[in-house]
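Biologist: Please give me a close look at a single part of this structure, and then work outward from there, so that I can follow how the part sits in its surroundings.

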Amino acid sequence: MNAKFALFLSTLLVAFSPAQVFAHHAFAAEFDSNSPIEVEGTVIKVEWTNPHTYFFIEVETEDGRFEEWAMEMGSPNGLLRRGWSRNSLKIGDVVTVTGSRARDGKAKASAETVVLDSGERLFVGTSRPDFEENDK
Amino acid sequence: MTRIFRLFCLGIFLSLALPTTAQVGHPAKGSWTGYYGPNESDQRRFRLLLDWTGAEITGVINPGRRAISLDKVELDYSTWMMTLEAELPLDGGTARFVVTGKIENLGSWTNRRYSGTYTLGGESGEFWLSLN
(Lines give C-alpha, C1' and ligand atoms only; values in the text may rest on other atoms or scores of the structure.)
Protein backbone atom coordinates (compact mmCIF):
# COMPACT_ATOMS: atom_id res chain seq x y z
CA MET A 1 0.00 0.00 0.00
CA ASN A 2 2.75 2.38 0.98
CA ALA A 3 4.69 1.59 -2.19
CA LYS A 4 1.62 2.21 -4.33
CA PHE A 5 0.92 5.46 -2.55
CA ALA A 6 4.55 6.57 -2.98
CA LEU A 7 4.33 5.74 -6.68
CA PHE A 8 1.10 7.73 -6.94
CA LEU A 9 2.72 10.76 -5.25
CA SER A 10 5.83 10.51 -7.41
CA THR A 11 3.73 10.39 -10.57
CA LEU A 12 1.81 13.49 -9.50
CA LEU A 13 5.01 15.36 -8.65
CA VAL A 14 6.52 14.61 -12.05
CA ALA A 15 3.30 15.53 -13.82
CA PHE A 16 3.14 18.90 -12.08
CA SER A 17 6.83 19.77 -12.34
CA PRO A 18 7.30 23.10 -14.10
CA ALA A 19 7.72 22.70 -17.84
CA GLN A 20 10.32 25.47 -17.82
CA VAL A 21 13.03 23.01 -16.84
CA PHE A 22 13.03 21.94 -20.47
CA ALA A 23 13.90 25.52 -21.47
CA HIS A 24 17.28 25.36 -19.75
CA HIS A 25 20.26 25.10 -22.04
CA ALA A 26 24.04 25.33 -22.10
CA PHE A 27 25.46 28.77 -22.91
CA ALA A 28 27.55 27.53 -25.85
CA ALA A 29 24.57 25.84 -27.45
CA GLU A 30 22.81 29.14 -28.04
CA PHE A 31 25.31 31.99 -27.70
CA ASP A 32 28.73 32.72 -29.15
CA SER A 33 31.19 34.32 -26.72
CA ASN A 34 33.28 35.33 -29.77
CA SER A 35 30.43 37.56 -30.99
CA PRO A 36 30.35 40.32 -28.40
CA ILE A 37 27.67 42.97 -28.73
CA GLU A 38 27.09 46.37 -27.17
CA VAL A 39 23.72 47.94 -27.85
CA GLU A 40 21.81 50.84 -26.38
CA GLY A 41 18.06 50.80 -26.22
CA THR A 42 14.91 51.41 -24.28
CA VAL A 43 13.44 48.67 -22.13
CA ILE A 44 10.00 47.64 -23.39
CA LYS A 45 9.42 44.42 -21.45
CA VAL A 46 10.86 42.46 -18.53
CA GLU A 47 10.02 38.81 -17.91
CA TRP A 48 10.99 37.29 -14.56
CA THR A 49 10.81 33.67 -15.59
CA ASN A 50 12.73 30.52 -14.77
CA PRO A 51 15.22 29.29 -15.68
CA HIS A 52 16.23 32.62 -17.25
CA THR A 53 15.04 36.17 -16.81
CA TYR A 54 14.59 38.14 -20.02
CA PHE A 55 14.30 41.77 -20.83
CA PHE A 56 13.54 43.27 -24.22
CA ILE A 57 14.91 46.54 -25.53
CA GLU A 58 14.06 48.60 -28.55
CA VAL A 59 17.16 49.66 -30.46
CA GLU A 60 17.13 52.35 -33.13
CA THR A 61 19.33 51.39 -36.06
CA GLU A 62 21.46 53.80 -38.09
CA ASP A 63 18.85 53.89 -40.85
CA GLY A 64 16.09 54.84 -38.43
CA ARG A 65 14.44 51.45 -38.09
CA PHE A 66 13.68 49.85 -34.75
CA GLU A 67 14.85 46.42 -33.70
CA GLU A 68 13.63 44.50 -30.68
CA TRP A 69 16.44 42.71 -28.87
CA ALA A 70 15.83 39.90 -26.37
CA MET A 71 18.39 39.85 -23.59
CA GLU A 72 18.81 36.74 -21.49
CA MET A 73 20.01 36.95 -17.91
CA GLY A 74 20.39 34.56 -15.00
CA SER A 75 17.55 33.07 -13.03
CA PRO A 76 15.32 35.33 -10.93
CA ASN A 77 16.91 33.93 -7.76
CA GLY A 78 20.39 34.58 -9.14
CA LEU A 79 19.49 38.18 -9.88
CA LEU A 80 17.97 38.67 -6.44
CA ARG A 81 21.21 37.39 -4.90
CA ARG A 82 23.07 40.02 -6.94
CA GLY A 83 20.92 42.73 -5.45
CA TRP A 84 18.32 43.05 -8.16
CA SER A 85 14.70 43.77 -7.42
CA ARG A 86 11.73 43.95 -9.73
CA ASN A 87 12.29 47.70 -9.89
CA SER A 88 15.94 47.48 -10.97
CA LEU A 89 14.95 47.56 -14.62
CA LYS A 90 11.79 49.39 -15.56
CA ILE A 91 9.98 49.88 -18.84
CA GLY A 92 11.29 53.07 -20.38
CA ASP A 93 14.78 52.77 -18.88
CA VAL A 94 17.50 53.53 -21.40
CA VAL A 95 20.24 50.93 -21.02
CA THR A 96 23.52 49.94 -22.61
CA VAL A 97 23.94 46.19 -22.70
CA THR A 98 27.04 44.16 -23.36
CA GLY A 99 26.89 40.46 -23.99
CA SER A 100 27.27 37.58 -26.41
CA ARG A 101 25.09 37.34 -29.46
CA ALA A 102 22.94 34.34 -30.34
CA ARG A 103 24.51 31.90 -32.76
CA ASP A 104 21.50 31.99 -35.10
CA GLY A 105 22.08 35.72 -35.77
CA LYS A 106 18.75 36.79 -34.34
CA ALA A 107 18.45 39.95 -32.25
CA LYS A 108 19.05 38.03 -29.08
CA ALA A 109 21.97 37.95 -26.67
CA SER A 110 23.12 36.65 -23.35
CA ALA A 111 23.52 39.86 -21.38
CA GLU A 112 26.64 40.28 -19.26
CA THR A 113 26.39 43.85 -18.03
CA VAL A 114 23.58 46.37 -18.07
CA VAL A 115 24.41 50.04 -17.58
CA LEU A 116 21.52 52.34 -16.77
CA ASP A 117 21.22 55.89 -18.08
CA SER A 118 22.26 57.05 -14.60
CA GLY A 119 25.58 55.21 -14.95
CA GLU A 120 24.62 52.49 -12.50
CA ARG A 121 26.02 49.13 -13.58
CA LEU A 122 24.04 45.97 -13.00
CA PHE A 123 25.54 42.49 -13.11
CA VAL A 124 23.21 40.00 -14.63
CA GLY A 125 24.72 36.61 -13.84
CA THR A 126 25.18 35.42 -17.40
CA SER A 127 25.36 31.70 -18.02
CA ARG A 128 28.65 32.25 -19.92
CA PRO A 129 31.02 29.95 -18.02
CA ASP A 130 34.21 32.03 -18.42
CA PHE A 131 32.71 35.40 -17.47
CA GLU A 132 34.85 36.47 -14.52
CA GLU A 133 32.35 38.92 -13.04
CA ASN A 134 29.98 36.04 -12.28
CA ASP A 135 32.21 35.29 -9.30
CA LYS A 136 31.81 38.75 -7.79
CA MET B 1 -1.70 8.79 5.64
CA THR B 2 -5.02 10.47 4.86
CA ARG B 3 -3.78 13.68 6.44
CA ILE B 4 -0.60 13.63 4.37
CA PHE B 5 -2.66 12.99 1.25
CA ARG B 6 -4.94 15.94 2.05
CA LEU B 7 -1.95 18.21 2.60
CA PHE B 8 -0.47 17.03 -0.67
CA CYS B 9 -3.73 17.76 -2.51
CA LEU B 10 -3.80 21.21 -0.91
CA GLY B 11 -0.25 21.81 -2.15
CA ILE B 12 -1.23 20.79 -5.68
CA PHE B 13 -4.31 23.03 -5.54
CA LEU B 14 -2.26 26.03 -4.39
CA SER B 15 0.40 25.44 -7.02
CA LEU B 16 -2.30 25.59 -9.67
CA ALA B 17 -4.30 28.44 -8.15
CA LEU B 18 -1.53 30.89 -7.17
CA PRO B 19 -0.34 31.63 -10.72
CA THR B 20 -3.73 33.22 -11.41
CA THR B 21 -2.60 36.12 -9.21
CA ALA B 22 0.01 36.91 -11.87
CA GLN B 23 -2.60 38.20 -14.28
CA VAL B 24 -2.15 41.72 -15.59
CA GLY B 25 -5.52 42.85 -14.31
CA HIS B 26 -6.59 45.39 -16.91
CA PRO B 27 -6.60 44.97 -20.69
CA ALA B 28 -5.04 48.38 -21.28
CA LYS B 29 -2.21 47.95 -18.78
CA GLY B 30 1.22 47.26 -20.16
CA SER B 31 3.88 48.29 -22.61
CA TRP B 32 2.68 48.93 -26.16
CA THR B 33 4.70 49.60 -29.29
CA GLY B 34 3.74 50.46 -32.85
CA TYR B 35 3.59 53.32 -35.31
CA TYR B 36 1.49 56.34 -36.21
CA GLY B 37 1.57 58.52 -39.29
CA PRO B 38 -0.47 60.39 -41.88
CA ASN B 39 0.36 57.87 -44.63
CA GLU B 40 2.28 54.65 -45.22
CA SER B 41 5.52 56.39 -46.16
CA ASP B 42 5.56 58.66 -43.10
CA GLN B 43 5.38 56.41 -40.06
CA ARG B 44 6.74 57.36 -36.65
CA ARG B 45 7.52 55.11 -33.74
CA PHE B 46 4.88 55.09 -31.02
CA ARG B 47 5.54 53.61 -27.61
CA LEU B 48 3.03 53.71 -24.82
CA LEU B 49 3.15 52.59 -21.21
CA LEU B 50 -0.21 52.33 -19.49
CA ASP B 51 -1.01 51.52 -15.90
CA TRP B 52 -4.22 50.84 -14.03
CA THR B 53 -4.36 52.35 -10.56
CA GLY B 54 -7.56 50.59 -9.62
CA ALA B 55 -9.56 53.70 -10.36
CA GLU B 56 -8.13 55.17 -13.53
CA ILE B 57 -5.73 54.55 -16.39
CA THR B 58 -2.53 56.56 -16.38
CA GLY B 59 0.46 56.46 -18.65
CA VAL B 60 3.21 57.99 -20.69
CA ILE B 61 4.01 58.22 -24.38
CA ASN B 62 7.53 57.18 -25.33
CA PRO B 63 8.67 56.08 -21.87
CA GLY B 64 12.34 56.91 -21.50
CA ARG B 65 14.33 60.06 -22.14
CA ARG B 66 11.53 61.81 -24.04
CA ALA B 67 8.61 60.60 -21.97
CA ILE B 68 5.40 62.62 -22.11
CA SER B 69 2.65 62.06 -19.57
CA LEU B 70 -0.86 61.50 -20.77
CA ASP B 71 -3.14 64.15 -19.36
CA LYS B 72 -6.43 62.49 -20.31
CA VAL B 73 -7.48 58.87 -20.75
CA GLU B 74 -11.03 57.76 -21.40
CA LEU B 75 -12.16 54.19 -21.94
CA ASP B 76 -15.64 53.10 -22.96
CA TYR B 77 -15.98 49.66 -21.45
CA SER B 78 -18.96 48.77 -23.62
CA THR B 79 -16.98 49.12 -26.86
CA TRP B 80 -13.36 49.15 -25.60
CA MET B 81 -12.79 52.41 -27.44
CA MET B 82 -10.06 54.36 -25.68
CA THR B 83 -9.05 57.99 -26.14
CA LEU B 84 -5.69 59.34 -25.02
CA GLU B 85 -4.59 62.96 -24.99
CA ALA B 86 -1.24 64.66 -24.42
CA GLU B 87 0.79 67.68 -25.47
CA LEU B 88 3.55 66.63 -27.85
CA PRO B 89 6.53 68.77 -28.79
CA LEU B 90 6.25 69.90 -32.40
CA ASP B 91 8.30 72.41 -34.39
CA GLY B 92 9.66 74.16 -31.31
CA GLY B 93 6.26 74.35 -29.66
CA THR B 94 3.67 71.80 -28.68
CA ALA B 95 0.60 70.36 -30.32
CA ARG B 96 -2.36 68.44 -28.97
CA PHE B 97 -2.04 64.71 -29.64
CA VAL B 98 -5.41 62.95 -29.51
CA VAL B 99 -5.55 59.23 -30.12
CA THR B 100 -8.82 57.31 -30.45
CA GLY B 101 -8.95 53.61 -31.07
CA LYS B 102 -10.21 50.23 -30.07
CA ILE B 103 -8.52 47.62 -27.92
CA GLU B 104 -8.93 44.24 -29.60
CA ASN B 105 -8.15 40.64 -28.71
CA LEU B 106 -8.62 41.44 -25.06
CA GLY B 107 -7.97 37.91 -23.91
CA SER B 108 -4.81 37.48 -25.92
CA TRP B 109 -1.46 37.83 -24.22
CA THR B 110 0.45 37.79 -27.51
CA ASN B 111 -1.82 39.48 -30.03
CA ARG B 112 -3.60 42.31 -28.22
CA ARG B 113 -3.90 45.39 -30.39
CA TYR B 114 -4.92 49.00 -29.95
CA SER B 115 -5.51 50.80 -33.23
CA GLY B 116 -7.47 53.69 -34.67
CA THR B 117 -6.97 57.30 -35.66
CA TYR B 118 -5.12 60.29 -34.27
CA THR B 119 -4.78 64.02 -34.67
CA LEU B 120 -1.62 65.97 -33.93
CA GLY B 121 -2.30 69.65 -34.28
CA GLY B 122 -3.58 69.95 -37.86
CA GLU B 123 -2.29 66.54 -38.92
CA SER B 124 -4.36 63.38 -38.84
CA GLY B 125 -3.80 59.73 -39.64
CA GLU B 126 -3.91 56.22 -38.30
CA PHE B 127 -2.00 54.39 -35.59
CA TRP B 128 -1.57 50.86 -34.37
CA LEU B 129 0.02 49.44 -31.26
CA SER B 130 0.56 45.89 -30.04
CA LEU B 131 1.07 44.79 -26.48
CA ASN B 132 4.62 43.68 -25.72
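Modeller: The place to begin is Asn105(B), which lies in the loop between S7 and S8 of chain B. Before going further I should say that this is a predicted model. Although Asn105(B) is not a glycine, its phi is positive, at about 55 degrees. As for its surroundings, Asn105(B) has 14 C-beta neighbours inside 10 Å and therefore counts as partly exposed, since that class lies between the limit of 12 or fewer for exposed residues and the limit of 20 or more for buried ones.

The two strands that flank this loop are also partners. Strand S7 of chain B covers residues 93-104 and strand S8 of chain B covers residues 113-120, and the two pair in the antiparallel sense over eight bridges. Within the two strands, Ile103(B) stands opposite Tyr114(B) in S8(B).

On from S8(B), the next strand is S9 of chain B, residues 123-131, which runs antiparallel to S8(B) and is joined to it by eight bridges. Here Arg113(B) stands opposite Ser130(B) in S9(B). S8(B) and S9(B) form a hairpin with two residues between the strands, and in that hairpin Gly121(B) takes a positive phi near 60 degrees.

S9(B) also pairs with S1(B), in the antiparallel sense and over six bridges. Ser130(B) in S9(B) appears again here, for Thr33(B) stands opposite it, while Arg113(B) is likewise opposite Ser130(B). S1 of chain B, residues 30-39, in turn pairs antiparallel with S2 of chain B, residues 42-52, over eight bridges, and S1(B) and S2(B) form a hairpin with two residues between them. One of the bridges there links Tyr35(B) with its partner Arg45(B) in S2(B).

These pairings belong to a wider arrangement. Nine strands of chain B form an open sheet with antiparallel pairing, in the order S4-S3-S2-S1-S9-S8-S7-S6-S5. Strand S4 (68-69) and strand S5 (72-76) of chain B each have a single partner strand and stand at the edges, so one side of each is left without a neighbour in the sheet. Chain B as a whole contains one helix and nine strands, and from the N terminus on its elements run α-β-β-β-β-β-β-β-β-β. Buried residues make up 20% of the 132 residues in this chain, and among its contacts with a separation of 6 or more, 30% are between residues 24 or more positions apart.

Each edge of the sheet has a loop that deserves a closer look. On the S5 side, Trp80(B) is found in the loop between S5 and strand S6 (81-90) of chain B. Trp80(B) is not a glycine, yet its phi is positive, at about 60 degrees. Trp80(B) has 15 C-beta neighbours inside 10 Å and so counts as partly exposed.

On the S4 side, strand S3 of chain B, residues 57-61, runs antiparallel to S4(B) and is joined to it by two bridges; Ile61(B) stands opposite Ile68(B) in S4(B). The loop between S3 and S4 of chain B holds Gly64(B), which is partly exposed because 19 other C-beta atoms lie within 10 Å, and a residue counts as buried at 20 or more. Gly64(B) and Arg47(B) are 17 residues apart in sequence and 9.7 Å apart in space, taken from C-alpha to C-alpha.

Gly64(B) also leads across to the other chain: leaving aside neighbours within four places in sequence, Gly64(B) is in contact with Thr42(A), Gly92(A) and Val94(A). Gly92(A) is in turn among the contacts of Val43(A), which, on the same exclusion of neighbours within four places in sequence, also include Phe55(A), Ile57(A), Leu89(A) and Val95(A). Val43(A) has a further role in the packing: of the 38 residues in the largest nonpolar core, Val43(A), Phe55(A), Ile57(A), Met71(A) and Ala111(A) touch the most other members.

One last feature belongs to chain A. Pro51(A) has its place in the loop between strand S1 (31-47) and strand S2 (54-60) of chain A, and the peptide bond that joins Asn50(A) and Pro51(A) is cis, with omega at about 0 degrees.

Key:
Residues numbered from 1 in each chain as written. Chains lettered and ligands numbered in written order. Predicted model: local features only at pLDDT ≥ 70, side-chain atom pairs only at ≥ 80, totals over all residues. Pairing = 2+ DSSP bridges. Helix = DSSP H or I, 4+ residues; strand = E, 2+ residues; numbered from the N terminus. Core = buried A, V, L, I, M, F, W, Y, C linked by C-beta atoms within 7 Å. Contact = placed C-beta atoms within 7 Å.
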